[in-house]
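Please look over the model below alongside these notes. They are meant to be read with the coordinates open.

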Amino acid sequence: MSRNASLPDTTPASGARWTASVVLSALLALFSSNLPAVAADTGTEPSATVQAADLLDTLPVKGRAPKTGYERSLFGATWADVDQNGCDTRNDILNRDLTEITYVTGVPCTVKTGVLADPYTGTVINFVRGTTTSSAVQIDHVVALSDAWQKGAQQLTTEQRTAFANDPLNLQSTDGPTNQQKGDGDAATWLPPAKGFRCEYVARQVSVKARYSLWVTQAEHDAIAGILATCPGQQAPATVAAASSATVVYYANCSEAVAAGAAPLYAGTPGYRSGLDGDGDGVACEG
């Protein structure tokens with residue numbers, strides 16, 4: 001995989017130049033070597049972690065390029081087996097994000113059933129493979145393909161765009177209707193309904209855009225910065241952890257959660273679902 005993609009020229013304030021160099025150098029160390037990364041030759045020893053807010057400051061801020069010429073096929077075959085493990089990318093991500101998984105043939109690859117604790121909505125979704133049921137769980141491109149096309153991906157090679165479309169960091173299993181609602185929106189136009197997941201969500205967008213030398217619009221930059229301001233120290237991830245194999249916790253109502261000593265419930269933690277979060281603030285059963 002080529003690693004020649006370079007970050008478009010930026011002109012950070014002099015006080016920020018050293019920080020940007022350190023951030024970019026650390027980014028190279030964090031991201032896997034078989035994916036296109038931001039080129040940086042800073043001579044600085046990379047840090048162990050990179051804060052999403054610092055990484056955001058290294059992204060160029062530009063207007064959208066025309067969508068002219070965009071086609072899904074420009075990002076390679078849909079759900080290609082890019083890691084050549086014998087399992088297409090969709091099933092790789094289902095295997096990562098679902099628990100209680102069963103397989104079509106008994107061999108770990110094609111997921112037949114499973115349970116998704118959806119971070120976008122805070123709900124628990126039972127996945128069943130089938131022509132009328134598979135769409136209940138869809139795989140979202142955290143940075144949408146069309147958004148990427150309008151913000152730098154036109155300059156990437158087909159190989160790099162294919163890597164982008166199948167990069168686990170840029171993929172998340174979620175509720176089908178919610179994924180359809182997002183469309184190709186960026187952080188300025190769409191955010192996950194579960195507020196408790198928004199910091200991690202935009203941090204992943206920042207990491208992906210840095211990895212593939214993409215830019216952000218001013219509105220997008222400001223929206224991401226505003227969210228990250230609510231979670232100081234939020235790290236820019238290089239990978240996504242597999243879902244816990246622990247049994248999914250479900251409370252029919254807040255009385256059950258209180259009786260179990262689990263309240264309040266926070267988005268992304270066992271037992272939380274949006275149906276218990278009346279004000280949609282990412283904290284359920286807090287009363």
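The points below cover confidence, one lysine and the aromatic rings.

1. Confidence. This is a predicted model. Mean pLDDT for the protein is 84, and 80% of the residues reach 70 or more. Residues 1–24 fall below 50, yet this stretch has 45 contacts in the model beyond near neighbours in sequence. Residues 30–47 are also below 50. Beyond near neighbours in sequence, that second stretch has 51 contacts. Please keep both stretches in mind when viewing the N-terminal part.

2. Placement of K151. Where does K151 lie? K151 sits in the loop that runs between α4 (145–149) and α5 (158–166). K151 is buried, and its relative accessible area is 0%.

3. Polar partners of K151. Which side chains make polar contacts with the K151 side chain? One is D147, at 2.6 Å. Another is E220, at 2.7 Å. Both partners are worth displaying together with the lysine.

4. Surroundings of K151. Leaving out residues up to four places away in sequence, K151 touches R64, D186, K209, L214, W215, T217 and E220. W215 appears again in a separate arrangement: K62 lies over the face of its ring, 4.5 Å from the ring centre.

5. Aromatic pairs. How many aromatic pairs are there? The count is nine. F75 and W149 make up one of them, with an edge-to-face geometry. Their centres are 6.5 Å apart, and the planes meet at 65°. F75 belongs to the loop between α2 (52–56) and α3 (89–97), while W149 is in helix α4, so this pair ties together parts 74 residues apart in sequence.

6. Burial of that pair. Are F75 and W149 buried or exposed? F75 is buried, with a relative accessible area of 0%. W149 has a relative accessible area of 8%, so W149 counts as buried too.

7. A second pair. W190 and Y201 have ring centres 5.8 Å apart. Their planes stand at 70°, so this pair is edge-to-face. W190 is in the loop between α6 (176–182) and α7 (198–211), and Y201 is in helix α7. The two rings therefore tie together parts that are 11 residues apart in sequence. W190 and Y201 are both buried.

8. Cluster. Which residues form one aromatic cluster? They are Y70, F75, W149, F164 and Y212. The edge-to-face pair of F75 and W149 thus belongs to this cluster.

Key
Residues numbered from 1 in each chain as written. Heavy atoms only, no water. Helix = DSSP H or I, 4+ residues; strand = E, 2+ residues; numbered from the N terminus. Buried < 20%, exposed > 50% of the residue type's maximum accessible area, 1.4 Å probe, protein only. Polar contact = N/O pair within 3.5 Å; in protein donor to acceptor, adjacent residues only side chain to side chain. Contact = heavy atoms within 4.5 Å. pLDDT = per-residue confidence, 0-100. Phe/Tyr/Trp six-rings, centres within 6.5 Å; stacked < 30°, edge-to-face > 60°. Lys NZ or Arg CZ within 6 Å of the ring centre and 35° of its normal.
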